[in-house]
Amino acid sequence: MENTNEMIIEFDSRSCNESFARVTVAAFCTQLNPTLEEMTDIKTAVSEAITNAIVHGYEGEIHKIRIECRIRDNEMEVGIIDRGRGIENVKKAMEPLFTTKPEQDRSGMGFAFMEAFMDEVTVDSAPGQGTQVWMKKRISNKNTLFE
């Protein structure tokens with residue numbers, strides 16, 4: 001039997017749901033018994049990805065954001081998926097300080113924070129089709145649900 005567990009949630013792209021997303025992903029991750037630092041890293045990365053979907057993907061319009069979480073052994077994988085406007089140049093968008101909304105005082109550090117706090121970040125996007133941000137974090141504690 002493979003040591004995995006999964007969850008999927010979907011919610012409106014409202015800024016008030018960003019904290020809901022953080023807490024939900026954190027609650028799911030607790031079965032891995034992460035350190036406080038690992039939990040904070042995951043919550044911060046999720047916040048950044050959700051904020052990007054709301055601000056850039058949907059540009060303030062209300063649509064759905066989907067989160068997919070998967071635990072495999074001691075690794076947490078989180079996918080943040082929107083069906084918004086997409087990213088024309090993912091490589092450029094992932095450069096620190098790059099922002100398409102400087103008039104909104106956006107720092108352009110969202111992807112940089114995700115990469116700093118997670119072990120792996122992959123972004124798949126196409127203009128007019130949306131964006132998928134996949135992040136992985138290895139949890140150091142071996143006291144997991146599966147032992």
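Glu77 stands opposite Lys136 in strand 5, and on the strand 2 side Arg70 stands opposite Glu77 in strand 3. Strands here, like helices, are DSSP runs numbered from the N terminus, with at least two residues (E) for a strand and at least four (H or I) for a helix. The model is predicted: local features need pLDDT of at least 70 and side-chain atom pairs count only at pLDDT 80 or more, whereas totals for chains, interfaces and linings use all residues. Residues are numbered from 1 along each chain as its sequence is written, and side-chain values use heavy atoms, with hydrogens and water left out.

Strand 3 has a partner on either side. Eight bridges join strand 2 (residues 64-72) to strand 3, and the two run antiparallel; strands count as paired if DSSP finds at least two bridges between them. Within this pairing, the bridge partner of Cys69 is Val78 in strand 3. The hairpin of strand 2 and strand 3 has two residues between the strands, and Asp73 takes a positive phi near 55° there. Eight bridges also join strand 3 to strand 5 (residues 130-138), again in antiparallel fashion.

In a regular strand the side chains alternate between the two faces of the sheet. In strand 3, Glu75, Glu77, Gly79 and Ile81 point one way, while Met76, Val78, Ile80 and Asp82 point the other way, and all are buried. Buried means under 20% relative accessible area, exposed over 50%, and partly exposed in between, with a 1.4 Å probe and protein chains only. Because eight of the eight residues of strand 3 (residues 75-82) are buried, this strand is largely enclosed by the rest of the structure.

The wider sheet is open and has five strands in the order 1-2-3-5-4, with antiparallel pairing. Its edge strands are strand 1 and strand 4 (120-126), each of which pairs on one side only. In the protein chain as a whole, the secondary structure comes to four helices and five strands, which run β-α-α-β-β-α-α-β-β from the N terminus on.

Helices lie across this sheet. Helix 1 lies across strand 1, strand 2 and strand 3, and runs at about 170° to strand 1. Such angles run from 0 to 180 degrees between N-to-C directions, with axes fitted to C-alpha atoms, for helices over the stretch in contact. The buried residues of helix 1 are Glu18, Ala21, Thr24, Val25, Ala26, Phe28 and Cys29. Their cover includes strand 1 (4-12), helix 2 (36-57), strand 2 and strand 3. Helix 4 (residues 110-117) lies across strand 4 and strand 5, at about 25° to strand 5.

The largest nonpolar core has 36 residues, and those with the most contacts inside it are Ile67, Met76 and Met135. The largest share of this core, eight residues, comes from helix 2. A nonpolar core is a set of buried Ala, Val, Leu, Ile, Met, Phe, Trp, Tyr and Cys residues joined through side-chain atoms within 4.5 Å. Leaving aside residues up to four places away in sequence, Met135 touches residues including Ala45, Val46, Ala49, Met76, Val78 and Met114; contact means heavy atoms within 4.5 Å.

Of the 147 residues of the protein chain, 47% count as buried. Among its contacts between residues at least 6 apart in sequence, 67% join residues at least 24 apart.
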